[in-house]
Every structure is written in structure tokens, then in C-alpha cells.
Amino acid sequence: MSGFDLAARLELLAARDALRVCRVREGQQGPTLWRNAEPLADFCSNDYLGLASHPEVIDALTEGARRYGVGSGAAHLVSGHCDVHEALEEELAQFTGHEAALLFSSGYMANMGAISALMSEGGRLFQDRLNHASLLDGGRLSAVRQQRYPHLDVDALESLLARSDDAPRLIVTDGVFSMDGDIAPLPALVAAAARHHAWLMVDDAHGLGVLGAAGAGTLQHFGLAPSSVQVQVGTLGKALGTSGAFVAGSRELIRYLMQKARTFMFTTAMPPAIAMATRASLRLAAIEQWRRDALSQHIALFRAEAENLGLTLLPSYTPIQGIVLGDNQRALSASDALARKGYWVVAIRPPTVPEGTARLRITLSAAHAPEQITGLVHALAECLAGNAP
């Protein structure tokens with residue numbers, strides 16, 4: 001009788017220090033979390049603007065559940081699409097400057113759905129080598145040839161484009177790369193796409209709410225018109241502090257995705273209460289510029305303190321700050337040592353990052369106190385000094 005030897009597979013992962021477990025936390029999302037009744041300063045969350053536990057967002061969620069119930073009951077195309085979903089889509093389109101937007105239940109589903117829908121009738125797909133797994137999986141689902149160009153290398157991309165045929169071509173990139181924290185060279189990508197008559201899709205999960213004069217994301221950060229990219233994806237569970245995602249673009253794009261994006265068509269709609277909470281957090285993100293200002297100050301403080309103590313950081317000026325340690329066990333040991341000092345920083349290991357680049361991924365929030373940041377940097381210096389290779 002044949003079967004799957006899962007025990008052996010798990011033993012192999014454990015031997016490579018690649019086994020993953022969920023560590024249980026308690027209490028509200030915020031700059032401090034609780035584990036086993038002990039407080040830990042949280043430097044792992046993507047709640048960049050500190051909105052996940054904002055009283056107005058919580059009140060909107062509560063009112064939404066009271067008004068609509070908990071679940072939506074069906075897919076958007078059946079009976080699950082409520083007036084609050086429609087209102088949120090219109091507000092997200094306005095916030096990003098696009099004609100229309102379409103809600104998805106998660107960022108993973110938005111990326112897979114958009115890519116597979118656009119490539120459903122063939123074409124050529126070009127992806128940055130460090131794109132998020134959801135973008136790469138969207139390419140796999142589409143079953144077209146997927147070519148990955150070296151990270152941020154627009155010249156290499158143009159060489160691939162020049163050698164491709166006249167089939168529809170889609171370039172896909174993260175706006176802010178989730179593990180390195182660096183920003184895609186969007187002006188050069190926009191120009192390359194135009195020269196080769198290709199479409200450009202930007203996953204702005206980690207740029208939305210954070211970058212740009214009004215928080216509209218990576219495009220606004222570079223002063224690019226929203227129409228300079230054909231597809232912009234944003235998630236709601238990071239800077240906006242709720243859950244779900246959206247794709248924004250032309251009305252024609254959105255109508256097409258409604259027909260062809262399987263991850264939109266065949267799943268239950270986002271709970272209306274979440275949509276109502278997101279409308280509240282989107283309003284706060286738009287009007288409370290002090291949150292982005294505070295976040296920028298925290299990033300500068302972290303990097304300055306780290307430099308003073310001789311820590312080597314990845315070249316990022318976003319809330320994602322990485323320290324590459326290389327070895328899985330070294331990253332795990334550093335994470336455990338930080339937890340003993342009162343700081344929650346999870347070790348990131350392959351396949352989330354390339355082999356040999358295990359790291360500490362530190363994320364900053366407007367909700368952090370400056371003393372939490374300086375305390376973390378000193379704890380990092382102590383832990384890494386005692387954890388040298």
C-alpha cells in the first residue's frame with residue numbers, strides 16, 4: 001500500500017532548521033503583544049500605520065456586524081455583494097486614482113486571480129526574481145511561460161522583452177519587496193513597458209498607505225500617474241489594518257476580472273463588516289498624515305541607531321528592515337534571544353527568502369514608541385554579538 005511518508009518529510013525539515021510552527025499570541029494587535037502573559041514589543045507586524053486596533057475602526061466593524069451580520073453568505077456574483085462593498089471599491093479607486101477597483105478576500109487571491117485571468121488566453125509573463133510567492137503562483141496557475149529577470153534589473157528585463165514575440169506581454173513586480181524592503185524602479189519599468197508595448201502590474205501591498213504624499217503608494221512616491229500602470233494591487237491587512245485586498249485599474253479591466261478571475265468568482269465575499277471597518281481605516285489613512293510622518297521618523301531613528309552600533313542592514317528606507325544572518329539556526333537563535341529580552345522578531349528562512357539568506361525581518365509602525373525602537377537596536381547588538389558565526 002503506497003502513501004506519503006510525512007513523518008520523514010517533517011524530520012528532514014527539522015534537521016535543516018526549516019520546520020515552522022505557529023507561536024500563539026494574546027491580546028489586541030498593537031506595538032506590544034502578549035505571550036504566556038508576558039509583554040513583548042512587536043516588530044513583526046505589517047500594521048504600519050497602527051490602525052488595526054483604532055477605536056473608530058473597531059466601532060465600524062461592530063456596527064457592520066450589527067447591520068449586516070457576520071458572514072456575507074455567498075460570492076460577490078451571487079448574493080454576497082453588499083452596498084458597503086460597492087462603496088469601499090469606489091473609495092479605493094478614488095484613493096489610488098484609478099477608474100475602478102475590485103475586492104478580493106486576500107492579497108494572495110488578488111494576485112493569483114489577476115495574473116491567471118489576464119494570461120488565460122496566452123501571452124508572455126515577466127516577473128522580478130524576488131516577487132512575492134502569490135505573484136509567482138499566479139504565473140504557474142496561468143500555465144504560460146514565466147520568465148524571471150534578476151532583481152530590479154530593468155536592462156535584463158528589456159533584453160527578455162526584446163527577444164519575445166508579439167504575444168500580449170505582462171510585467172509583474174512588487175512595489176515594495178516584502179522581505180528586503182527595497183522599492184521597485186517603477187519609472188524605468190513604466191518606460192520599458194511602454195517601449196515594448198507591454199502591460200505593467202504592481203503589487204503595492206507594502207506601499208499602500210505608507211508611500212506617497214497622501215499614502216496612495218509606490219506610484220505616488222515616484223510622482224507617476226495612476227494610469228501609467230495597467231494593474232495595481234493593494235492589500236487591506238497591512239497599513240489599513242483590516243483584511244482582504246483589491247485590484248485597481250480601468251473599468252474595462254475590472255469588468256474583465258469579474259468574468260475571468262477565478263479567485264474572485266468562486267469564493268465567498270469578504271464579510272461586509274470588514275468592508276465597513278476598512279472604509280473607516282481608509283479615511284483615517286487619508287487624513288492623518290502624522291501617521292506617515294511618525295513612521296518616517298521611526299525608520300530614520302532605527303537606521304541611525306543601528307549604524308551607530310555597527311549593525312549591517314539591508315538598504316531599505318521603508319518600514320521593512322532586514323538583517324541577513326545567512327544560516328537558519330543563527331537566525332532562529334537570534335530570534336529566541338530577542339524574545340528573552342522582550343522583543344518579538346521572527347526569523348525568516350527559505351523558501352520565504354533565497355537559500356543562505358535567513359534573516360531577521362524587522363517591521364516598524366507609527367504606533368511604536370521611540371524608546372521601543374532604541375531598545376530593540378541595543379538588544380539586537382547584544383544578541384548578534386553573542387551569536388556570531
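Helices (H or I, at least four residues) and strands (E, at least two) are DSSP runs, numbered from the N terminus. The views show a predicted model, in which local features need pLDDT of at least 70 and side-chain atom pairs count only at pLDDT 80 or more, while totals for chains, interfaces and linings use all residues. Residues are numbered from 1 along each chain as its sequence is written, and side-chain values use heavy atoms, with hydrogens and water left out.

**View A. Gln372 in helix α15 and its contacts.**
Gln372 belongs to helix α15, which covers residues 370–385. With a relative accessible area of 15%, Gln372 is buried, where buried means under 20% relative accessible area, exposed means over 50%, and partly exposed lies in between (1.4 Å probe, protein chains only). Apart from neighbours within four places in sequence, Gln372 is in contact with Pro31, Thr32, Ala41, Phe43 and Tyr343, contact meaning heavy atoms within 4.5 Å. Phe43 stands 329 residues away from Gln372 along the chain, yet the C-alpha atoms of the two are separated by 9.5 Å.

**View B. The open sheet β1-β2-β11.**
Three strands form this open sheet in the order β1-β2-β11, and the pairing is mixed; two strands pair if DSSP finds at least two bridges between them. The edges are held by β1 and β11 (343–344), each of which has a single partner strand, so one side of each is left without a neighbour in the sheet. β1 and β2 pair in the antiparallel sense over 4 bridges, and Thr32 stands opposite Ala41 in β2. Asn36 is found in the loop between β1 and β2 (38–42), and its phi is positive, about 50°, although Asn36 is not a glycine. At 60% relative accessibility, Asn36 counts as exposed.

**View C. The loop that precedes strand β1.**
Asp17 is placed in the loop between α1 (6–15) and β1 (32–35). Phi of Asp17 is near 55°, a positive value in a residue other than glycine, and Asp17 counts as partly exposed at 26% relative accessibility.

**View D. The open sheet β10-β13-β12 with helix α14.**
A further open sheet has 3 strands in the order β10-β13-β12, with antiparallel pairing. Because β10 (320–326) and β12 (347–348) stand at the edges with a single partner strand each, one side of each is left without a neighbour in the sheet. β12 pairs with strand β13 (residues 358–363) in the antiparallel sense over 2 bridges, and Ala347 is set opposite Leu360 in β13. Helix α14 (residues 328–340) lies across β10, β12 and β13 and runs at about 35° to β13, the angle being taken from 0 to 180 degrees between N-to-C directions of axes that are lines fitted to C-alpha atoms, for helices over the stretch in contact. In the loop between β12 and β13 lies Pro351, which a cis peptide bond with omega of about 10° joins to Pro350.

**View E. The packing of helices α5 and α6.**
Two packed helices are described by the angle between their axes and the distance between the axes. Helix α5 (residues 107–118) packs against helix α6 (residues 133–142) at an angle of about 35°, with their axes 8 Å apart. The contact involves Gly107, Tyr108, Asn111, Met112, Ile115 and Ser116 of α5, together with residues of α6 including Ala133, Leu135, Asp137 and Leu141. The residues of this contact divide into 6 nonpolar, 7 polar and 1 charged, where Ala, Val, Leu, Ile, Met, Phe, Trp, Tyr, Cys and Pro count as nonpolar, Asp, Glu, Lys and Arg as charged, and the others, Gly among them, as polar.

**View F. The largest nonpolar core and a second core.**
The largest nonpolar core has 62 residues, of which Phe43, Phe302, Leu338, Ile362, Leu376 and Leu380 touch the most other members; such a core is a set of buried Ala, Val, Leu, Ile, Met, Phe, Trp, Tyr and Cys residues joined through side-chain atoms within 4.5 Å. Helix α12 (residues 272–287) gives the largest share of this core, 8 residues. Leaving out residues up to four places away in sequence, Leu376 touches Phe43, Phe302, Leu338, Tyr343, Val345 and Ile362. A second, separate core of 23 residues includes Ala110, Ala114, Val172 and Phe264.
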